[in-house]
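Colleague: I would like a close look at a single part of this model. Please take the place where the two ends of the chain's fold are joined by side chains, if there is one, and go through it residue by residue.

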Amino acid sequence: MGTKNRGFGRLALEGLLIVGSILIAFLLDAWWDDREAQGRLDQELRSVAREVAENRDLVEYEVESLERIRGGSEAILALLEDIRPSQAGSIPDTLIFCVTYWSPTLDLSFGALDALIASGRLAQIRDPDLRLTLAGLRDRVGDAVGDEILAQNILMDQVYPAVSQYADLSAVYRIDKQFGVTDLARETAHPIPTFGLFFELPKTPDVTNAILNRTSWLGTALGEMRLVLSHLDGLHSMIESGVR
């Protein structure tokens, strides 16, 4: 009986060792798969971080541009405020350019973010705040761009028709062509070209109301764009903290 018990005990031990080896192999495979998945996720998050940094530069440029345009619009309104109704104010060509031609719209790249979402790895991010921030980024940018487009529509539908009644804008068009070269280079500190011309712009309701309307929406777009800038700064920090 003792010999039989020892035989059964040896078989049981061998069975346990086999089962244990199989379990360890499964655990090692699962650990390796998880490590590989995390590595792929980290790689994609690094790509998103680079994209966020590049987009941040574009948004910063957009904020500076909107500030300059709104400043030009407010300068015209201040000049018109100092004269009586129906009289004309002498407006420099650079300010006329700000209200009639300069109208940027933000265009960001979301290729890395879209690839992350399409891969299904967004759900693998453990930090819920980071997941939500990434998932909502496009909508947040879209709100700011929507306000920008509305300001642009006001320019085309109201401001340009009102101002062009009283001014030959061919010189302003030449400013736009020259400034567009530096504008593409993102040189926000570059001065607006000038031909030294002044336009006699009358203080009429159609002119002042159109410029006021656009200036108001420029301010709204500027506020939204600043929020996007802050959002991207926070997002980049979150990604850097979350990548192993």
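Modeller: From the N terminus on, the elements run α-β-α-α-α-α-α-β-α, that is, seven helices and two strands. The model is a predicted one. The part to look at is where helix 7, residues 205–242, meets helix 1, residues 2–81.

Start with Leu229, which is in helix 7. Its C-alpha atom is 8.9 Å from that of Asp57, although their positions lie 172 residues apart along the chain. Apart from neighbours within four places in sequence, Leu229 is in contact with Arg56, Val59 and Glu60. Leu229 counts as buried because its relative accessible area is 15%, and the cut-off for buried is under 20%.

Arg56 also takes part in a salt bridge: its partner is Asp233, and the closest N and O atoms are 2.4 Å apart. This pair links distant parts of the chain, with Arg56 in helix 1 and Asp233 in helix 7, 177 residues apart. Side chains of opposite charge can pair when their charged atoms come close. Neither partner is buried: Arg56 has a relative accessible area of 23% and is partly exposed, and Asp233, at 33%, is partly exposed as well. Glu60, one of the contacts of Leu229, joins Arg56 and Asp233 in a network of salt bridges.

A further salt bridge is formed by Arg226 and Glu67, with the closest N and O atoms 2.8 Å apart. Here the arginine is in helix 7 and the glutamate in helix 1, 159 residues apart. Arg226 is partly exposed at 38% relative accessible area, and Glu67 is partly exposed at 36%. The structure holds five salt bridges.

Thr208 is another residue of helix 7. With a relative accessibility of 15%, Thr208 is classed as buried. Not counting residues up to four places away in sequence, Thr208 touches Leu77, Leu80 and Lys203. Its side chain also reaches the backbone oxygen of Thr204, at 3.0 Å.

After helix 1 comes the loop that leads to strand 1, residues 88–92, and Ser86 lies in that loop. Phi of Ser86 is near 75°, a positive value in a residue other than glycine. Most residues other than glycine have a negative phi. Ser86 is exposed, with a relative accessible area of 64%.

For comparison, here is a salt bridge elsewhere in the chain. Arg138 pairs with Asp114, the closest N and O atoms being 2.7 Å apart. Arg138 belongs to helix 5, residues 137–164, and Asp114 to helix 3, residues 111–119; the two are 24 residues apart. Arg138 is partly exposed at 41% relative accessible area, and Asp114 is partly exposed at 35%.

Finally, the chain as a whole. Of the contacts with a separation of 6 or more, 87% are between residues 24 or more positions apart. Buried residues make up 38% of the 244 residues. The chain exposes about 13,600 Å², and carbon and sulfur atoms supply 57% of that area.

Terms used. Residues numbered from 1 in each chain as written. Predicted model: local features only at pLDDT ≥ 70, side-chain atom pairs only at ≥ 80, totals over all residues. Heavy atoms only, no water. Helix = DSSP H or I, 4+ residues; strand = E, 2+ residues; numbered from the N terminus. Buried < 20%, exposed > 50% of the residue type's maximum accessible area, 1.4 Å probe, protein only. Contact = heavy atoms within 4.5 Å. Areas by Shrake-Rupley, 256 points an atom, 1.4 Å probe, with all protein chains shown as cover. Polar contact = N/O pair within 3.5 Å; in protein donor to acceptor, adjacent residues only side chain to side chain. Salt bridge = Lys/Arg side-chain N within 4 Å of Asp/Glu carboxyl O.
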